[in-house]
Amino acid sequence: MSDSVLSIRGLRKEYGTGVQALKSVDLDIRRGEIFALLGPNGAGKTTLINIVCGIVTATSGEVLVNGRNWQSDYRHARSRIGLVPQELTTEAFEPVWNTVSFSRGLYGKPRNDAFTEDLLKRLSLWDKRKTIMMHLSGGMKRRVMIAKALSHEPEILFLDEPTAGVDVELRRDMWELVRKLRADGTTIILTTHYIEEAEEMADRVGVISRGELIAVDDKQALMARMGKKTLDIVLTEPIAAIPPKLSEWTVRLEDDGHVLCYEFDSHAERTGIASLMRRLGELGIAYKDLSTHQSSLEDIFVELVHQPRAEGGGAA
């Protein structure tokens, strides 16, 4: 792919215990996109990030950063990648300014006070620049971690569960911050198990389960491809059970028999809604309201992760 800033090919990780943390993952990240890697805890998200960032050694496979191998051209790769890990590991007794400046120096970048000042201002940290790290709130520490990861001006930023354990308000602040970073030209790859995070922010979504990439698509395309619609029929009087004469439709009862739910494929030539409504009339089942809703990314995610997988199956 010509616009790939990051290409992952056949990446595998098997531990000495025989556990396969990654099973031959192939993935291309487009320059300037926000890519969300979704998966339950233990699915392999952090392992994948740590391999790309040079923290964990792969069993096999390769990673290309701007077309250059991440092992044989290690300095090139590391200078272009920033990582914000899940754990808040910072120098507890150092002020914010020193923490970020030191991080820049680790990558051999010359001191640039103007750049550091601008970075801290963009992350709403300027007023905290003299504050000792241990005196910051969890949310502010998370911002400092991002500043550290951006201190050497990388093209690619990995955010590993960036809003884990933070409140809803701070989560939305973080989302806004990530959008600003992308607007500045940074490619963002974030791992999350918060469906709303991927739905809110990502251009594309990858779903990983048990070390296997089981779907990769544009967010809207994924929802269109796998999304189903549900027709909720609010009954005038509740029914105790679904009549046998409704067996040809995929219906279920909810809300103590007050709502009949019919799941259908919105792309099908015939949805079956008209015939279902006629059958309800024939059975004397009256209704007082109708509404439809599209599957959310969460519904799709749950379906993907729990569907049976063939041995050796690859990414979608």
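## Cysteines, nonpolar cores and helix α5

The structure, a predicted model, holds zero disulfides. A disulfide is a covalent bond between the sulfur atoms of two cysteines. Two cysteines that count as buried are listed below with their relative accessibility.

| Residue | Relative accessibility | Class |
|---|---|---|
| Cys 53 | 2% | buried |
| Cys 261 | 1% | buried |

Because buried means under 20% relative accessible area, Cys 53 at 2% falls in that class, and Cys 261 at 1% does as well.

In soluble globular proteins, nonpolar side chains tend to be buried together. Here the largest nonpolar core comprises 46 residues. The members that touch the most other members are Ile 146, Leu 157, Leu 159, Ile 188, Val 205, Val 207 and Leu 297. Leaving aside neighbours within four places in sequence, Val 205 is in contact with Phe 35, Ala 36, Leu 38, Ala 198, Ala 215, Val 216, Asp 217, Lys 219, Leu 222 and Leu 297. Apart from the largest core lies another, of 29 residues, which includes Ile 8, Leu 22, Ala 77 and Leu 83.

Helix α5 spans residues 138–150. Its 13 residues reach 19 Å from the first C-alpha to the last, close to the 18 Å expected at 1.5 Å a residue. Of these 13 residues, 10 are buried, so α5 is largely enclosed by the rest of the structure. The buried residues are Gly 139, Arg 142, Arg 143, Val 144, Met 145, Ile 146, Ala 147, Lys 148, Ala 149 and Leu 150. They pack against the strands β6 (81–84) and β7 (156–160) and the helices α3 (96–106), α4 (113–122) and α6 (168–183).

Technical notes. Residues numbered from 1 in each chain as written. Predicted model: local features only at pLDDT ≥ 70, side-chain atom pairs only at ≥ 80, totals over all residues. Heavy atoms only, no water. Core = buried A, V, L, I, M, F, W, Y, C linked by side-chain atoms within 4.5 Å. Buried < 20%, exposed > 50% of the residue type's maximum accessible area, 1.4 Å probe, protein only. Contact = heavy atoms within 4.5 Å. Disulfide = S-S within 2.5 Å. Helix = DSSP H or I, 4+ residues; strand = E, 2+ residues; numbered from the N terminus. Expected span 1.5 Å × (residues − 1).
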